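Student: I would like to take a close look at a single part of this structure and follow what surrounds that part. Could you take me through one helix slowly?

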Amino acid sequence: MKKIVSVLMIMVMCLSLCSCGEKGENTQSQDMQTNGEQKQDTQNAQISETDDANSTEIVWDLDMTYEELETKIQQDTENTVAALSEEWETLKSDVDTYEKYLENMDLVEAFYEKIYDETELLAIRLREYCLIYAKMIVNSDVSYDDMYDELESIHDSLYEDAGEVIHDDIYDGILDEMYEYYYDGILDDAYEDAEYSEWSDARSEEYGWWSDARGDVYGEYSDYRSDSYGLYSDLRGEIYSEDMEDALEDIADFERDILKMKD
């Protein structure tokens, strides 16, 4: 009888162990599945900016080509400049005399502020494009030599081309046009007929707004170029040394800096 009880106890223990083993395997399988999903989510990361009509949703995934990303960059910069240019044309046609200028100085000041705000937002988005480009490169299944060569695109399309849009089309473009139209144009022409103190105050205000906007826009341009070149240069050094760990840390630092700018 004791032998029968012992056998039954052993069978119960075996069944219990099997059940635990299956549960452990199921848990391990679920963990592996979760980790795989998390890795996939990381690979299909996305950054979006939806502030206003000029905002652009930026999606990074393994299916996007470098050419598609560069098209997004070009469209974003061109759309930003086009929207500012259109608003400038409207302001120029609405405020086209000395009398109208005096009545609408608040609109002129507000547009100078908008030029800076839009430039700041564009510079942040361009940094995001740099980040996405860098992630695409280091996650590509190519050799270190190919990664090193591909990083040149960050320099060409973002540091050079996109940076020049801010400098040439906004800093040396719209802002220079405003200076010529108002300070050197309408206000200068009104000197002989206008009441001096009123004219002097208006011209002084105009120059101050223009000068501040120009300085701020140049600051954004300079900071963006410095940041994008820094990422490009650091990554080239790490990839050349085949040091992927430091390359990923460079990218993580760059991403943290962008998040601070957006707070």
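Tutor: What follows is a walk along helix 4 and its partners in this predicted model.

Helix 4 covers residues 105–138, and it is one of the helices that supply at least two residues each to the largest nonpolar core. That core has 62 residues, and those that touch the most other members are Y101, I115, L126, I154, L158 and M178. Helix 4 gives the most to this core, with 18 residues. As a general background, nonpolar side chains tend to be buried together in soluble globular proteins. To see one member of the core in its surroundings, take I154, which, leaving aside neighbours within four places in sequence, is in contact with C130, Y133, A134, I137, Y159, S228 and Y232.

Turn next to how helix 4 lies against helix 7, which spans residues 196–240. Two packed helices are described by the angle between their axes and the distance between the axes. Helix 4 and helix 7 pack at an angle of about 0°, with their axes 10 Å apart, and because angles under 35 degrees count as roughly parallel, helix 4 is described as roughly parallel to helix 7. Sorted by class, the contact between helix 4 and helix 7 has 18 nonpolar, 2 polar and 9 charged residues.

Helix 4 also holds R127, and with a relative accessibility of 4% R127 counts as buried, because buried means under 20%. Not counting residues up to four places away in sequence, R127 touches D223, Y224, D227, F254, I258 and M261.

A further link leads from helix 4 to helix 2. Side chains of opposite charge can pair when their charged atoms come close. The side chains of K114 and E87 meet in a salt bridge, at 2.8 Å from N to O, and since K114 lies in helix 4 and E87 in helix 2, the pair ties together parts that are 27 residues apart in sequence. K114 counts as partly exposed at 30% relative accessibility, and E87 is partly exposed too, with a relative accessible area of 30%. This salt bridge is one of 14 that the structure holds.

Key: Residues are numbered from 1 along each chain as its sequence is written. This is a predicted model: local features need pLDDT of at least 70, side-chain atom pairs count only at pLDDT 80 or more; totals for chains, interfaces and linings use all residues. Side-chain values use heavy atoms; hydrogens and water are left out. A nonpolar core is a set of buried Ala, Val, Leu, Ile, Met, Phe, Trp, Tyr and Cys residues joined through side-chain atoms within 4.5 Å. Buried means under 20% relative accessible area, exposed over 50%, partly exposed in between (1.4 Å probe, protein chains only). Helices (H or I, at least four residues) and strands (E, at least two) are DSSP runs, numbered from the N terminus. Contact means heavy atoms within 4.5 Å. Axes are lines fitted to C-alpha atoms, for helices over the stretch in contact, and angles run from 0 to 180 degrees between N-to-C directions. Angles under 35 degrees count as roughly parallel, over 145 as roughly antiparallel, 65 to 115 as roughly perpendicular and the rest as oblique. Ala, Val, Leu, Ile, Met, Phe, Trp, Tyr, Cys and Pro count as nonpolar, Asp, Glu, Lys and Arg as charged, and the others, Gly among them, as polar. A salt bridge is a side-chain nitrogen of Lys or Arg within 4 Å of a carboxyl oxygen of Asp or Glu.
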